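Me: I'd like a close look at one part of this protein, the largest pocket. Could you walk me through it in one go?

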Amino acid sequence: MYGDQEARASWSASAFEGKSQELDLSLGDSFTYGSFFNHTNAYSPSTDSTCIDLSPNSRPFSKLVNPHEMAHLSIPSSGSSQLPYPRPTSGYSASPPKARDTLELPPRSLRVLPGQNRPRSVATSHSSQADSEGTPHHPVQFTPLPTPPHSRPPSVVRRTDSPVPEPTLLLTPPQPTSSLAPPRSSQTPSSSPTTKQHSKLSSPSSKTSLVPSEGEDLDAFHVRSTYAQLDATGVRGDGYEEGVERTRARLRASRASELRPEAALSCPSERLRDLLPEELNLLSSLDRYGFFTITSHDRLVRLPSAPLRKCLSTVTAGSKTAPSHAVSVSSLPPPSSPLKEAERIAKWGRMMEVRSRDRGGNVESWAVKPFKAHKLRRRVYKGIPDRWRTAAWEMLMTTYSKSGHEEAAKLGECYQGDLEKPSGYDIQIDLDVPRTISGHILFRTRYGLGQRSLFHVLHSFSLRCGQCGYVQGMGPIAATLLCYFAPERVYAALTRLHDAYSMHTVFSPGFPGLLETIYVQERMMELKMPAVYAAFREHMISTTSYATKWYITLFANSVPFQTQLRLWDAFLFDGQDVFVAVAIAIVWAYRDHITSSSANFETVLSLLSSFFVPEDEDSLLSWIEQLLSDKKLRAQISRWRQDWNQLVSSGKDGGALL
């Protein structure tokens, strides 16, 4: 299942009793996540590359330890390839994950415009650590639009007693901290999520090694401890290199297998050197959001704008001679700067105001000025300027969930505390992390800062709700949020989506919220597009066969990243009905293809399972806004949701869907 297929072994947690010396994971005598994140010590340039300043007295950092190599191995005489791993039974351990529906989510990559500035220092892009100060920005954009003086993201902790030279562009963000002290700020957010940041190590204050919890699966512990150690060391070439696999297969007892992971560890000098020519070439191939030019999407089709110029209304079948296939697109077009972006940035600057500041005077949260509130909806659907997106998303989630900055801070503390606890989903999360948005520079390097942050967020969130646990669709959502928020803020955002935006019902076993949304979609198709609904019934195409991926990932793997961001703008403002409207918009745009006489099961299902490239994003968002502005239709949507709940209560929901 997980590890080397040629060397299967069995062991029990009792093998570790009384062997604390063998389990010393080279993080000092006392390593805990809490102590790690609550201290900041800058790298010392004079420190030897084999040492890390984890305490006042530096000590060599030995090679990463695989717990399997320290346990007594015995090959079962039966020759069985199954490992009798003990299941987690500790008080902190989550229930073992049950069999759940999973989705194979394709990686994302987009084309780019070349960067111009020559950055210094090595790289892992952290798209926007701008948290509550709302520093919206453009990921990896080297020529930002002119703006008034702006603030640094609060997550970049600066210490006046340990200054570090600041390069032109530094793509290695700091390790997450449980207490963030933002530096000085102004009322205009920064211009790019790829913010100038510095890595700082913390020094543990306790004196216990990271050891498996009672009853914790040893493979799961190996995963968790590996990410913990690499948080302290970092990895070489973060953002540029592919990295070295450490958790999916056990290392063989050979010197070569030990040297390769050791060589992939980072060192302080790497953060201070100039970028190499090949690294600069790589940066120049990124688009404004940090994606590479390589396209890996299948079935790219154009979403036409002509049908979207007509409002949703009851229509009959289209021409029977219409083609059953949509227009294909050879590659994703590079994302471009929206028209009037500079003007819209200025308008958002005049519309937003500081809601709260910390004791140091740094901005914690933003709000809309009362006399500008009537303009918010229209400006959201026109597209939030990227440099305002972090502040706007935080404000929209706060408003929709009726929570404040204090609640978000408490959720951040929960996130840090849960990092210490084992999760029964750690192995599956580790398997999913490297294939989530792998086309983005932040998530390129195996065990780089982006992948580690994604693992930590999903690990902690899997412990948040015992009923939901972890499902594969959470990965793309968390990865998108990591492009704009620090990990603890992403955890808080996921919690708000779970609680206030009804994602709990979408992620729960059986996906009850997903089925409810699909029921609403089918009722709307039956009401407004009866011929399309009849075609689905005739070809025996269930809505779950193509729409499940749409709703469970919030369209994260169905449209270009720039389009996805605009859909999320509307979603965070209007709630879950937005994605019903998006689904209806797609079916509406392809209604003639679906009702064509040459259409069949394969052509329709292939069409609706494609990756949609809108011909005009503004037309799509305007159509969605118009649909959701219809108060009668919104009321009808609410009644359909109630009807579905009644069908579920009476046990008649089995035959209610296509």
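Which domains give residues to the lining of the largest pocket, and where does that put it?

Reply: Bear in mind that this is a predicted model. Domain 1 (341-504) and domain 2 (512-650) both give residues to the lining, so the pocket lies between them. The space inside comes to about 700 Å³.

As for the walls, 33 residues line the pocket, and if you want to find its centre, S336, P338, Q562, R566 and E617 are the ones that lie nearest. Sorted by character, the lining has 15 nonpolar, 5 polar and 13 charged residues.

Now for the elements behind those residues. Two or more lining residues come from each of α6 (341-351), α8 (386-401), α18 (561-574), β8 (611-614) and α22 (617-628). Of these, α18 gives the largest share, with 4 residues.

It's worth seeing how α18 sits against α22, another of the lining helices. The two pack at about 20 degrees, with their axes 11 Å apart. Since angles under 35 degrees count as roughly parallel, that makes α18 roughly parallel to α22. The crossing of α18 past α22 is right-handed.

For another helix pair, look at α15 (residues 512-528) and α17 (residues 544-552). Here the packing angle is about 120 degrees, again with axes 11 Å apart, and the two helices are therefore oblique to each other. α15 makes a right-handed crossing as it passes α17.

How values were computed:
Residues numbered from 1 in each chain as written. Predicted model: local features only at pLDDT ≥ 70, side-chain atom pairs only at ≥ 80, totals over all residues. Heavy atoms only, no water. 1 Å grid on protein atoms, 1.4 Å probe; cavity = no way out; pocket = protein on both sides within 12 Å on 5 of 7 lines; lining within 4 Å. Points joined across faces, edges and corners; volume = space filled by probe spheres on them. Nonpolar A, V, L, I, M, F, W, Y, C, P; charged D, E, K, R; others polar. Domains from an automatic or database assignment. Axes fitted to C-alpha atoms, helices over the stretch in contact; angles between N-to-C directions. Parallel < 35°, antiparallel > 145°, perpendicular 65-115°, else oblique. Left-handed = near helix turned anticlockwise from the far one by under 90°.
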